[in-house]
Amino acid sequence: MADNFLNSDEESDSPLPMSNASDIMPGLAGYVKSRFEDSENGRRSHEQRWLQAYKNFRGIYDSTTQYRDSERSKVFVRITKTKVLAAYGQIVDILFANKKFPLVVEDTPVPEGVAEFAHMETPLDQVMQQPEDQYGFAGDGRELPPGATQATPSLDFLGGMASKFPPNAPIVEGPARLGEPQLSPSAEAARKMEEMIHDQLLDSNAVNVFRHAIFEASLLGTGIVKGPFNFNKKVHKWQRDEEGNREYMPYEKSVPKIESVSVWDFHPDPSATSIEDCEYVIQRHRMNRQQLRSLSQRPYFDIEAIEDCLAKGPNYEDKYYEDTIREDETEPYYQENRFEVLEYWGVVDAKFADEAGLSLPQGISDLDQIPVNVWVCGTMILRCVLNPFTPSRIPYQVFPYEINPYQMWGVGVAENMEDAQMLMNGHVRMAIDNLALAGNLVFDVDEASLVPGQNMDIFPGKIFRRQSGVTGTAINGLKFPNTAGENIQMYQISRQLADEETGIPSIMHGQTGVTGTGRTASGLSMLMGSAGLSMKTVIKNIDDYLLKPMGEAYFQWNMQFNETAEDIEGDLEIKPRGVAAVMQKEVRSQRLTALLQTVMNPTLAPFVKIPNLMRELAISQDIDPDSLVNDVNEAQIYAEILKGMQQDAQQGTGGEGNPPSQQPTDMAGSGGVPPQPKGTNGQGSGDGTIGVGATPAAGEAGFTGNPSQFEE
């Protein structure tokens, strides 16, 4: 939660002292209220876009829809819902189809504070070392242990790996020579940080949070994720006591937690074009009594102020858009037990804070600004602390579905196809109204030709009594022409327009009866590739505006709040891997297989990282690489095992003789099978081949008709 901080630093996360609370709180609360009203007025045009997008998604006609007096049908074709769900499903499948979260931590090309490579010291290294100053200076890291005659070199260049080796380990910085063992301290630090972040994302159920934000981005154009914040998670643990009985002994640990924020509750600086450009951000909470009372259990909340708010009663007022999104127009009692709480993240002018009576930290001038976090309910200040993050930041990640130039808010699928949705609805309504008219007969009755007082109801077997007069038909049936075909044709054109506007072809969400280019496998692959190109832009926005800032925020949280994390002095680089998953798995698998076949050439094999290639090939085929693919060290071990098995097999084939008392196990028990002599005749028996040979003629050797020597 946003307020569950565990920072023990009194200078960075302590309540701002107030000299006179009764005079100060209304002034600071008024400042937050004024910023909230500015933000609310600045985003009103965007709220209209979101409302229209939501109505198209739900299939709701609003008051702006104009009907003709003769129009009867009110049908709404929800193609917008289909497109939004198709985009949402494809994004989620791309990002979270694999078991691994699409976030990678890697070391930078030139690490700082930690060595890129290290290796065992060799005699050649000792010869090449420059002579050092035998005296040194204080703080150079070459302390002289008691009883030692030479200073021990520091292993600080190893970073977190220094704890694995004794202080006097013969390890030097730099790459190893060919065939020597080598360490990568910077890569090891990045790997450990990546494992820690992935474990924390799993603990905080980050996938569900991201799914909610991605759905709002697909529908309304913008998704928002808040955090990470400190959260005390209860870990369930069972332990056996002295008597051997199981005993439930849970414990709590501090984990980073994130949460999704709806765009309806997010009020940023109206002049900002990005979250980094925001001077402040306000989140509007809608709380019941229990939720407001539970704030008193969180750090640095004023319990007396919360009790005063509860005593004054609910103060929540519905906005004009809430009746539509919550569909509670006929049930106004929903907000009677709700409270409006504003959570402010931003800066306060030091001059304003001084006039309000706040005690400022030392060294702050009137021109400075103080980053604070303030919670306001009505005229009461529930919480007022300095921004707890170091460096100071606003803990929100805002990402667009499609970038709207010069605006923070993005453009979603529903807004892109708004015109196409309106055209589809209009033509379908016209087709239905025309079918209702063309499918029924309209009767023209000449009452002068009928006996007066007859019932005009029409049913099978009906008899109309006709009186004498001019000969002719008294009742005529009129059939109107059917124009539904033209309207349906325009509907199909409008649906194709929606495909082009959104970049999501209908074949991606189950269209049947595909003709033309999509009828063949190659044409379908081409269409899917074009659709993937437009989706790749969306995934890139998620990478740049959500995954990368979120990974950096988790890294900063671990460095500031996680006591178990190793001190990382080197700079690490957060690399989102969403775009890498956009490529179709089949195409990626084929390309990796082709590359693996190329590696079979011995001259090209040294230029390819074969272990990484095997892992990527397993991932492309939806196989867990950790369960089937060995790393470099394990591969060497298994290679030695296989080598030993081959040697044993060769020795067993060559022939160790069996004891005399046992039967021979093979024909090569005493030295192997002797080679057959190569023959040159045509019988096929000399060289071991099977053949019919040449048939001997009369007088030749082997001819059965020749007289034998015994007959002579």
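**Exercise 1. A salt bridge in helix α14**

K548 and E552 both lie in helix α14 (residues 521-561), four residues apart, about one turn of the helix. This is a predicted model. Task: find what the side chains of K548 and E552 form, and decide whether K548 is buried, partly exposed or exposed.

Solution.
- Step 1. Look at the contact. The side chains of K548 and E552 form a salt bridge, with 3.8 Å from N to O.
- Step 2. Apply the cut-off. A salt bridge needs a side-chain nitrogen of Lys or Arg within 4 Å of a carboxyl oxygen of Asp or Glu. The 3.8 Å of K548 and E552 passes.
- Step 3. Check K548. Its relative accessibility is 27%, so K548 counts as partly exposed.
- Step 4. Check E552. Its relative accessible area is 34%, so E552 is partly exposed too.

**Exercise 2. Two further salt bridges**

Task: describe the salt bridge between R495 and D499, then the one between R43 and E47. How many salt bridges does the structure hold?

Solution.
- Step 1. Place R495 and D499. They are four residues apart in helix α13 (residues 484-502), so about one helical turn separates them.
- Step 2. Read the distance. The salt bridge of R495 and D499 spans 3.9 Å, N to O.
- Step 3. Check the cover. Both R495 and D499 are buried.
- Step 4. Turn to R43 and E47. Their side chains meet in a salt bridge of 2.7 Å, N to O.
- Step 5. Check the cover again. R43 has a relative accessible area of 2%, so R43 is buried. E47 is at 1% relative accessibility and therefore counts as buried.
- Step 6. Give the total. The structure holds 16 salt bridges. Salt bridges also link K33, R284, E322, R326 and E340 in a network.

**Exercise 3. The partners of strand β5**

Task: state how many residues of β5 (residues 222-235) are buried. Which way does β5 run relative to strand β8 and strand β14?

Solution.
- Step 1. Count the cover. Ten of the 14 residues of β5 are buried, and the strand is mostly covered.
- Step 2. Take β8 (residues 251-261). Ten bridges join β8 to β5, and the two run antiparallel. Here K233 stands opposite K253 in β8.
- Step 3. Take β14 (residues 396-400). Five bridges join β14 to β5, again antiparallel. V225 has Q397 in β14 as its bridge partner.

**Exercise 4. Two surface patches**

Task: which residues form the negative surface patch, and which form the nonpolar one?

Solution.
- Step 1. Name the negative patch. D241, E242, E243 and E247 form it.
- Step 2. Place E243. It sits in the loop between β6 (238-240) and β7 (246-248).
- Step 3. Check E243. Its relative accessibility is 66%, so E243 counts as exposed.
- Step 4. Name the nonpolar patch. L441, F443, V445, M456 and I458 form it, with about 420 Å² of accessible area together.
- Step 5. Place L441. It lies in the loop between α12 (418-438) and β15 (442-445).

**Exercise 5. Far along the chain**

Task: what distance separates the C-alpha atoms of S186 and V114, and of T65 and M422?

Solution.
- Step 1. Place S186. It belongs to helix α5 (residues 185-203). Its relative accessible area is 2%, so S186 is buried.
- Step 2. Read the first distance. S186 and V114 are 72 residues apart along the chain, with 6.1 Å between their C-alpha atoms.
- Step 3. Place T65. It lies in the loop between α2 (44-58) and α3 (79-96). At 22% relative accessibility, T65 counts as partly exposed.
- Step 4. Read the second distance. T65 and M422 are 357 residues apart along the chain, with 9.5 Å between their C-alpha atoms.

Note on methods. Residues numbered from 1 in each chain as written. Predicted model: local features only at pLDDT ≥ 70, side-chain atom pairs only at ≥ 80, totals over all residues. Heavy atoms only, no water. Patch = residues over 30% accessible without salt bridge, like charges linked within 9 Å, V, L, I, M, F, W, Y side chains within 5 Å. Areas by Shrake-Rupley, 256 points an atom, 1.4 Å probe, with all protein chains shown as cover. Lys, Arg positive; Asp, Glu negative; His and termini not counted. Charge placed at Lys NZ, Arg CZ, Asp CG, Glu CD. Buried < 20%, exposed > 50% of the residue type's maximum accessible area, 1.4 Å probe, protein only. Pairing = 2+ DSSP bridges.
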